[in-house]
Amino acid sequence: MNNSTEKAEQAVTIDISGYDVATAEIRSEAKRLLTEKIVDAVVGYQAGRRKGSAVPVIITDPAQAEKLLFSPACVNNLSIYLTKAKKEIRAKGKLAVVAKGCDLRALAGLVGESQFKREEVVIIGVSCAGVHRAGIQPGEPLTNSTIAKKCRECSVHIPDEADLVVGKLPPLPDLPPKEKELMEKLDAMTPALRWEFWKEQFTRCIRCLACRQVCPFCYCEQCLCDRGRPQAVDTSPRPSGNMGWHIVRAMHLAGRCAGCAECERVCPMDIPLNLLNRKMAEELKELYHYEAGMKPVEKGPLTSYDEKDDQSFIK
Amino acid sequence: MKHDFEPKIVAFVCTWCTYAGADLAGTSRMIYPSNVRVVKFPCTGRIDPVFILKAFQKGADGILVSGCHPGDCHYMAGNFHARRRFAVFRKLLEFIGVDLNRLEFSWVSAAEGGKWVEIVTDLTQKIRKMGPLTQFTDLADEEQWSGALSNPELKAVYDQV
Amino acid sequence: MALTITEENLRKLVDRLVKDGARVVGPKVAGEMTVYEPLTSGAELAPGTLPRRSAKEAFFPLSETILSFQKGKEGLKVEDVDTNAFPRTVLLGALPCDAAAPQVMDAVFSWDYKDEFYLERRRRTVIVGLSCTSADDSCFCTLVGLAPTDTMGSDLFLTPLAGGGYSCQVVSDRGKEFLAGYPELFAEAATVTPVPPAEPEGTPVDLAKVKLWLEEHFEDEIWEEVADRCVGCGACAFLCPACHCFDIVDEGTEQSGSRRKNWDACAFSKFTNHASGHNPRDVQNKRYRNRFMHKFKYYDDKFGKTLCTGCGRCIRYCPVGIDIKGILEEIGKKALSTKDTKGHEENHHG
């Protein structure tokens, strides 16, 4: 295993024949849900202008169901459109949403945080073999070099907890993890070197806040980091404020992040933000045996406690 | 005694236990370093990790967070929640590359004036030996990205990112 | 006769300029991306790829101090920024979409208020444009009245040649003056064969008609259709060569600090939020509509120019695939039936 990661990976194409099945089933299900007025709108993916691209879409007319699709370009986590922050979308009425396994984890988290009730939303789960990583020209085949990092370590290819699972999962190649390796490298560094690493990364941040805006859990009406009085974090896109912003963000997502890695995908400056979320998830698992799951839980690890929690770090 | 370096230490304490403990140390005329600046909160549960971050950014060399012993919280469970939050926050800071020796946590009750003196004295000595914390304050003077990789050791990691 | 410069001499030029104390901003590889950054040597120059962020930073940085203050024994001391200390700059290797943008933005920065920070940097900068030889499906300079060979905004304009090196066209007096300083690096050639420019694909649109259509369709279902998916980040505006909105913030303590000018974006919900809590652009699609209207209508109303150079960055990096080129084409199609009653001129960048 260790040797194989040293060598350049051989090209592996991932079988996505199941996506055509998924597309057909999403269309017929969306049509049915809208025609029978079970839902008022369906949040899904449709083709964009660029060849092979897919973009989020909210449809309300059964005739539009034919536009829906599933492909390796369906990278977005659509659960963001279901939070209370999206007033205009919730105003459309009862919603159905197309969700990959990783997205379903976010949906479960949002139910746990009372953003919506599970029975209010119809979840169309997709058997997913993987989607593109950031920066891939749409239309490229799905291979081990174009697949997203998160998909290499995916444990939820089939979102069982959805109301309906569409598509067909082909046998999947065993892809060695990339993020895990990177994580191990960082963990092995001295704190001073890690600081250098993060400093370089955060210094690059332009504070476009794409990471916050695509995060299903960043639904706060008033972000702490937008506040002026008191100002928690400097708003200028400079190293000092950037460092503060990313630390605060990681902390606020600890125990809530569902690991969809959208923050990292959308970062126009390629900052590996999911490493922070992953670190927090790893620590929460070790400390409190908590893992973001497919079923809603009422209380997360940081909104609950155990009297016997470890306190070896406290004098 | 005069030292070359007097560290700035900020103590975030809860009003019911540690603040009263520190008060007891004072009224008992116990002597401890004056390096510590005490900031009082209703409960450790109110101490947001942002405060710690802000204190570092504004030039604190060390930080102490202290409150009621488990089971003694005036609000029943504030310190239990804080305990989890800080356990995780420590790990985050460590991952970012902050030396955790600069961040201390303690339970000090209203009766433990002696413990307060001991903790503050030890922390002050420890931070004094470590010298000033400049990593956060240095950042304040820096502008945008230069695109230059300052450290060759990081190059391999960057290539992987 | 055409003026030419070899690749080697172009890099030498950078070295010379750096040695002479000029700030040379050009495309440079940093990790996996290319960015416009001050170069430290000619070897760093990576011409030809469109950098991740636009070149507007050479004049309008992401964040800059506009004054600093300090409280002392003699009271409050406010210190202005010395714009005379801004370095002489050469923006080298800017592709036409980036090179043209400052000329579009000049109008707004020297309108009712003269922005000395921007204008002083403009005064001190020579722009050396570079003809564009690679386009992708997000590029659309030709739809907004520009071209891959457009010299708009450039003082000198380079065109890559088939056998390597560049031909150099003098566009402005400033370019001519600049050139006079380094005659030995340039040569004359009787004939040159340029690398063919990259023409982006797309359906041509009539910008005057688009503007008329926008005038009549402030309320239209298209905005919900294209922008209900908008998540409200600032990636589009921050990567855009022509977006120029900024926010002014004070940072520091009561004792000392600075006032800074930072980029802002109309997609942020805070952008139009009133102190009362009321927000006239209360939902995201209205914010996106503003971005589009500003580029193709409001800016034209005020300054007679289109606030978009077709670089396509906002398309490539939009988290949710909002596609300004597609929207422009769609509106262009709808606008064909709109009558041009006001007689707008063809060239909106002119």
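## A tour of three chains, starting in chain B

Begin by selecting residues 9–14 of chain B, which are strand β1, together with strand β2 of the same chain: the two run parallel and are joined by six bridges. Within this pair, pick out B:V10 and look across to β2(B), where B:R37 stands opposite. The model in the viewer is a predicted one, and the stops below should be read in that light.

Now widen the selection to the whole sheet of chain B, an open sheet of four strands with parallel pairing, in which the order is β2-β1-β3-β4. Colour β2 (36–41) and β4 (103–107) of chain B separately, since these stand at the edges, and because each has a single partner strand, one side of each is left without a neighbour in the sheet. If you look along the sheet, neighbouring strands are turned by 20° against each other on average, with direction ignored.

Next add residues 113–130 of chain B, helix α4, which lies across β1, β2, β3 (62–67) and β4 of that chain and runs at about 160° to β3(B). With the helix and sheet in place, show the complete cartoon of chain B, whose secondary structure comes to six helices and four strands. Following the chain from the N terminus, you will meet these elements in the order β-α-β-α-β-α-β-α-α-α.

Before leaving chain B, it may help to switch to a surface display. Of the 161 residues in this chain, 52% are buried, while the chain exposes about 7100 Å², of which carbon and sulfur atoms supply 53%. Among the contacts in chain B with a separation of 6 or more, 82% are between residues 24 or more positions apart.

Move on to chain A and select its open sheet, where five strands follow the order β2-β1-β3-β4-β5 and the pairing is mixed. The edge strands here are β2 (54–59) and β5 of chain A, each of which pairs on one side only. Neighbouring strands of this sheet in chain A are turned by 30° against each other on average, direction again ignored.

Inside that sheet, focus on strand β3 (residues 95–99) and strand β4 (residues 121–126) of chain A, which run parallel and are joined by five bridges. A useful pair to label is A:V98 and, opposite this residue in β4(A), A:I124. Then bring in helix α4 (residues 101–112) of chain A, which packs on the sheet and touches β1, β3 and β4 of chain A, its direction making about 135° with that of β3(A). Helix α2 (residues 18–35) of chain A can be added as well: this helix lies across β1 (41–47), β2, β3, β4 and β5 of chain A, and runs at about 170° to β4(A).

For the last stop in chain A, show the side chains of A:I158, A:V165 and A:L169, which form a nonpolar patch on the surface with about 190 Å² of accessible area together. A:I158 itself is found in the loop between α5 (149–152) and β5 (164–166) of chain A, and its relative accessibility of 37% is why this residue counts as partly exposed.

Finish in chain C by selecting strand β11 (residues 246–252) and strand β12 (residues 256–263), which pair in the antiparallel sense over seven bridges. These two strands, β11(C) and β12(C), form a hairpin with three residues between them. To see one of the paired positions, label C:D247 and its bridge partner in β12(C), C:N262.

Notes. Residues numbered from 1 in each chain as written. Chains lettered and ligands numbered in written order. Predicted model: local features only at pLDDT ≥ 70, side-chain atom pairs only at ≥ 80, totals over all residues. Heavy atoms only, no water. Patch = residues over 30% accessible without salt bridge, like charges linked within 9 Å, V, L, I, M, F, W, Y side chains within 5 Å. Areas by Shrake-Rupley, 256 points an atom, 1.4 Å probe, with all protein chains shown as cover. Salt bridge = Lys/Arg side-chain N within 4 Å of Asp/Glu carboxyl O. Buried < 20%, exposed > 50% of the residue type's maximum accessible area, 1.4 Å probe, protein only. Pairing = 2+ DSSP bridges. Axes fitted to C-alpha atoms, helices over the stretch in contact; angles between N-to-C directions. Contact = heavy atoms within 4.5 Å.
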